[in-house]
Amino acid sequence: MTKSIGVAVIGAGMAGKSHAAAYRSASAVYDSTLPEIRLVSIADVNAQLAEATAKRFGYERFDTSWQAIVEADDIDVVSVVVANFLHREIVEALLAAGKHVLCEKPLSDSIDDARAMIAAADNAKTIARIGFTNHRSPGFAFLNKLVADGTLGNVLNVSGYYWTDYACDPKAPMSWRYKGPAGSGALADVGSHLAYLAEFAANSEFVDVRGGILSTTIAERPLPLGAVVGHEHVEVSDEYEPVENDDVAAFSGTFANGATATLQVSRVAAGHPNTLVVEVFGDKGAATFDFRRTGEVQVYLHGDDPATAGYRTVFIGPEHPYYRGGVAMDAPGNGIGHNESFVFQARAFLEEVAGIPESESLPRNADFHDALHNMLLLDAAARSAKAGGATVEIGE
């Protein structure tokens with residue numbers, strides 16, 4: 001086992017802070033002992049933001065370029081949490097420099113770039129993983145377990161929606177999120193999460209999609225007068241630029257196990273800051289998980305007295321995935337939030353880097369091949385929309 005691991009995060013925005021905090025907490029969960037984790041640097045082109053984030057989470061320094069992280073001899077592990085179109089150049093350089101990489105989803109904004117990143121990862125001597133963070137929610141992992149162990153029987157259908165409102169204000173400033181080809185908007189931003197969670201719920205992968213819909217509801221947005229961080233609003237100018245991608249998206253599809261799914265996403269759903277709901281229906285029952293209530297799962301099983309049959313609330317506790325040892329007060333009913341999922345993700349990545357054997361309670365993170373499948377699924381949905389809702393098979 002290595003003696004210490006130096007960590008850096010490229011990107012100090014909303015998700016970058018989550019990665020930074022997760023590495024700080026990773027050593028404090030579960031029983032196996034990690035090597036010393038050195039919190040080395042936060043990098044961002046916004047020097048003020050990089051400095052503030054580094055100070056807040058206890059990192060030794062800040063940098064203003066990703067190249068500085070590539071060149072640093074005291075850094076071993078790097079999270080890449082920047083705009084999607086920047087991923088390839090940064091990830092390839094980090095892998096070539098012998099760094100271990102955890103890249104935020106989606107892998108890229110281009111299938112060709114994603115394939116190139118996979119080639120780089122496959123040829124590297126270090127580890128490259130993708131951040132499918134919501135897999136780590138104990139409640140959702142429990143829902144997956146109900147399917148995998150047969151409690152819900154054969155899966156018949158999955159229903160899911162991810163509604164956000166960060167773009168519902170027409171005065172929200174133009175940023176990289178509103179640029180790119182069809183399918184690179186809400187479908188890629190929040191639909192990527194919903195797509196991999198639907199497959200996790202069904203315990204099966206999509207083989208085709210149909211009924212694709214992409215809609216841009218706000219055609220142009222004002223240019224910002226300052227730096228835009230995450231979904232934050234800043235003062236804007238009177239100059240506007242066109243929105244190039246989708247505000248709303250939807251598609252249906254078929255899984256390899258024969259089940260079907262219908263999924264909807266939006267970034268203009270007023271009143272829904274972050275509403276992510278997935279429901280799976282089997283021939284023995286059903287289960288629902290709502291990320292607004294991460295401490296509970298709704299479960300219904302056939303065979304109950306018809307007079308009292310219905311969904312029951314199962315409160316997440318130490319008998320469920322990730323919870324025992326994953327939180328400081330791991331007694332039943334104490335609740336759990338989304339931030340812990342980033343800690344579990346970081347812990348799994350650091351254990352893999354350190355050579356600690358994989359445990360059933362803390363599975364490894366998804367790899368770049370899984371990330372490409374997610375992109376191909378979303379690409380098929382975009383192509384279905386372009387073809388008037390036609391059925392499109394998932395590409396290789």
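Colleague: Is threonine 294 buried or exposed?

Modeller: Apply the cut-off: buried means under 20% relative accessible area. Threonine 294 has 11%, so it is buried. Keep in mind that this is a predicted model.

Colleague: Where does threonine 294 lie?

Modeller: Threonine 294 is in the loop between β14 (285–290) and β15 (296–301).

Colleague: Which residues is threonine 294 in contact with, leaving aside its neighbours within four places in sequence?

Modeller: Contact means heavy atoms within 4.5 Å. Threonine 294 has Phe289, Ile316, Ile336 and Gly337 as such partners. Now take a C-alpha distance. Proline 138 is 156 residues from threonine 294 in sequence, but 8.0 Å from it in space.

Colleague: And a pair to set beside that? How far apart are glycine 395 and alanine 54 in space?

Modeller: Their C-alpha atoms are 41 Å apart, with the two positions 341 residues apart in sequence numbering. Glycine 395 sits in the segment after β17 (392–393). Its relative accessible area is 29%, so glycine 395 is partly exposed.

Colleague: Now backbone angles. Which phi does asparagine 203 have?

Modeller: Read the sign along with the residue type. Asparagine 203 is not a glycine, yet its phi is positive, about 55°. The residue falls in the loop between α8 (191–202) and β8 (206–215). Asparagine 203 counts as partly exposed, at 46% relative accessibility.

Colleague: What about tyrosine 322: what is its phi?

Modeller: About 75°, a positive value, and tyrosine 322 is not a glycine either. Its loop runs between β16 (312–315) and α9 (338–354). Tyrosine 322 has a relative accessible area of 7%, so this residue is buried.

Colleague: Next, omega. Is the peptide bond from lysine 105 to proline 106 cis or trans?

Modeller: That bond is cis, with omega near -20°. Proline 106 belongs to the loop between β5 (100–104) and α5 (111–123).

Colleague: Let's zoom out. How many helices and strands does the protein have?

Modeller: Ten helices and 17 strands. For overall compactness, compare the radius of gyration with the globule rule. Both come to 21 Å for 396 residues, so the protein is as compact as a globular protein of that length. Its C-alpha atoms fill a box of roughly 65 × 55 × 40 Å along the principal axes.

Colleague: What share of the residues is buried?

Modeller: Of the 396 residues, 54% count as buried. Then look at sequence separation. Among contacts with a separation of 6 or more, 70% join residues 24 or more positions apart.

Colleague: And the surface: what area does the protein expose?

Modeller: About 16,800 Å², of which carbon and sulfur atoms supply 50%. For charge, check the counts and then the centres. There are 30 positive and 51 negative side chains. The centres of the two sets lie 3 Å apart.

Colleague: How should I read the annotated spans? Which residues does UniProt list for the N-terminal domain?

Modeller: Treat an annotation with care, as it may be inferred rather than shown by experiment. The unreviewed UniProt entry lists residues 5–131 as "Gfo/Idh/MocA-like oxidoreductase N-terminal". That span is 41% helix and 24% strand, and its end C-alpha atoms lie 19 Å apart.

Colleague: What does the annotation "GFO/IDH/MocA-like oxidoreductase" cover?

Modeller: Residues 143–287, according to the unreviewed UniProt entry. Here the chain is 15% helix and 39% strand. The end C-alpha atoms of residues 143–287 are 7 Å apart.

Notes: Residues numbered from 1 in each chain as written. Predicted model: local features only at pLDDT ≥ 70, side-chain atom pairs only at ≥ 80, totals over all residues. Heavy atoms only, no water. Helix = DSSP H or I, 4+ residues; strand = E, 2+ residues; numbered from the N terminus. Rg over C-alpha atoms; globule rule 2.2 N^0.38 Å. Buried < 20%, exposed > 50% of the residue type's maximum accessible area, 1.4 Å probe, protein only. Areas by Shrake-Rupley, 256 points an atom, 1.4 Å probe, with all protein chains shown as cover. Lys, Arg positive; Asp, Glu negative; His and termini not counted. Charge placed at Lys NZ, Arg CZ, Asp CG, Glu CD.
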